[in-house]
Amino acid sequence: MQIAPAFKAPTRLLMGPGPSNAPAEVLAAMSQPLVGHLDPVFVKMMEELKTMLRAVFLTRNDMTFPISGTGSAGMEFCFVNLVEPGDEVIVGVNGVFGTRMVDVAERCGARVTKVESGWGNSIAPQQIAEALRTVSKPKLVAIVHAETSTGALTPVEEISKLTHDAGALLLLDTVTSLGGCPVRIDEWNVDAVYSGTQKCLSCPPGLAPVSLNARALEVARRRRTKVQSWYLDVNLLASYWGQERVYHHTAPISMNYALHAALRLVLEEGLENRWRRHKQNHLALKSALAAIGLELASQDGHQLWQLNAVRVPQGVDEADVRKRLLNDFNIEVGAGLGPLKGKIWRVGLMGETSSRENVRLFLSAFCQVLNECGRKTDAKAALAAVE
Ligand SMILES: *Cc1c(COP(=O)(O)O)cnc(C)c1O
């Protein structure tokens with residue numbers, strides 16, 4: 001066997017649905033020497049991570065820590081701990097991640113009621129209210145805050161109130177929203193939440209920040225059946241991430257270094273400033289696209305700042321444009337999924353990637369590629385719309 005040459009990664013501008021570009025400081029943190037997962041130095045860092053995560057989630061929940069695994073592991077963590085066979089679960093489905101939640105809930109033995117909305121639309125509170133009326137004993141309502149597959153935001157507050165009035169728990173997916181737009185776990189009374197590191201926190205993929213409030217923890221503690229996942233059982237994880245520091249699994253040391261560095265940067269910038277930056281760059285991109293006759297596919301008034309679903313114009317080959325952006329300009333954008341396949345490009349402006357400079361870089365390249373692909377596009381008009 002011939003050994004492959006050393007792998008050398010190109011420098012891409014990551015403007016897809018994640019990962020986003022990680023700041024140099026975060027990548028440098030990862031290359032530090034390893035320490036043991038029970039080293040007092042590491043344990044101190046774990047405490048700082050928990051404190052910073054609480055600040056970013058805007059929660060006082062004690063049980064706030066990163067799961068070892070990507071965002072989907074955070075999803076599984078929430079479902080496996082809160083759901084027992086036979087439980088009734090309501091899931092908002094308006095894209096890939098709501099669909100994935102249904103799959104995960106069913107694997108836990110839940111009886112799932114789907115609340116469906118068109119891909120690109122948000123889930124309306126009245127839809128949840130109706131589902132809550134039809135289900136006899138709803139245990140959990142699960143919603144994707146920012147649907148990365150379609151670019152739609154579902155507001156949480158009203159759904160939260162309806163859920164709690166019906167005596168159920170609220171589970172929220174904030175994988176794409178955390179760090180990119182307001183996420184207020186305590187104010188919105190969210191019982192269980194998970195996120196990921198590689199979207200608006202701009203850290204490499206590999207950890208899933210989660211938080212459970214006292215009500216959710218009580219449900220997990222009072223289960224009749226054992227959590228079917230040993231790895232994700234909160235009762236076991238609590239003794240590693242809590243005060244006892246009992247070995248459970250070997251924490252991915254370097255990933256935790258990276259998250260520590262990334263969260264410091266988020267808090268240094270300030271949540272409000274960070275949200276505003278995402279909003280402004282989204283608006284700049286949106287007006288530039290309008291200037292060249294392109295529009296967003298997601299519902300007006302519910303469009304994400306961090307993920308723009310750009311409708312592919314008639315006669316343009318969606319995949320060809322993406323390929324040219326990657327090969328000729330080192331820019332990655334995402335493809336549409338499911339019913340939106342071939343119909344949209346997903347242009348991410350997440351975390352570090354969300355800058356005015358990147359909006360301009362993207363527009364120049366994108367307009368040039370569109371011209372090559374047979375659609376006359378005025379780059380000057382696009383750039384002029386980005387003030
Ligand atoms: C990316 C994403 C996930 C899954 O995260 P992975 O890190 O890919 O496992 C879940 N939900 C949403 C909304 C996402 O954008």
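Serine 202 sits in the loop that runs between β9 (192-194) and β10 (207-212). The model is a predicted one, and in it this serine has a positive phi of about 50 degrees, although Ser202 is not a glycine. Most residues other than glycine have a negative phi, and most peptide bonds are trans.

The second half of that rule also has an exception here. The peptide bond leading from glycine 18 to proline 19 is cis, and its omega is near 5 degrees. Proline 19 belongs to the loop between β1 (13-14) and α1 (24-30).

These loops are part of a chain whose secondary structure comes to 13 helices and 14 strands. Along the principal axes, the C-alpha trace of the protein chain spans about 65 × 55 × 50 Å. How does the radius of gyration of the protein chain agree with that of a compact globule? For 387 residues a compact globule would have a radius near 21 Å, and the chain has 21 Å, so the two agree.

The chain holds a ligand, and 13 residues lie around it. Which of them come nearest? They are Thr70, Ser72, Thr148, Asp173 and Lys199. Sorted by class, the shell around the ligand consists of 4 nonpolar, 6 polar and 3 charged residues.

Several side chains in this region have a polar atom close to a ligand oxygen. For serine 72, an N or O atom of the side chain is 2.6 Å from an oxygen atom of the ligand. In the case of lysine 199, the distance from a side-chain N or O atom to a ligand oxygen is 2.7 Å. Threonine 176 has a polar side-chain atom that lies 3.1 Å from an oxygen atom of the ligand. Taken alone, the ligand exposes 380 Å², and the protein buries 90% of that area. Two elements, α3 (71-82) and α4 (96-107), are those that give two or more residues to the shell around the ligand.

The last stop is on the surface. There, Trp230, Tyr231 and Leu236 make a nonpolar patch of about 290 Å². Of these residues, tryptophan 230 is placed in the loop between α7 (214-221) and α8 (234-241).

Methods. Residues are numbered from 1 along each chain as its sequence is written. This is a predicted model: local features need pLDDT of at least 70, side-chain atom pairs count only at pLDDT 80 or more; totals for chains, interfaces and linings use all residues. Side-chain values use heavy atoms; hydrogens and water are left out. Patches are made of residues with over 30% relative accessible area and no salt bridge: like charges are joined within 9 Å, nonpolar side chains (Val, Leu, Ile, Met, Phe, Trp, Tyr) within 5 Å. Accessible areas come from the Shrake-Rupley method with a 1.4 Å probe; for residues, only the protein chains shown count as cover. A salt bridge is a side-chain nitrogen of Lys or Arg within 4 Å of a carboxyl oxygen of Asp or Glu. Helices (H or I, at least four residues) and strands (E, at least two) are DSSP runs, numbered from the N terminus. A residue is near a molecule or strand if one of its heavy atoms lies within 4 Å of it. A polar contact is a pair of N or O atoms within 3.5 Å; within protein, one must be able to donate a hydrogen and the other to accept it, and residues adjacent in sequence count only if both atoms are side-chain atoms. Ala, Val, Leu, Ile, Met, Phe, Trp, Tyr, Cys and Pro count as nonpolar, Asp, Glu, Lys and Arg as charged, and the others, Gly among them, as polar. The radius of gyration is taken over C-alpha atoms; the globule rule is 2.2 Å times the number of residues to the power 0.38.
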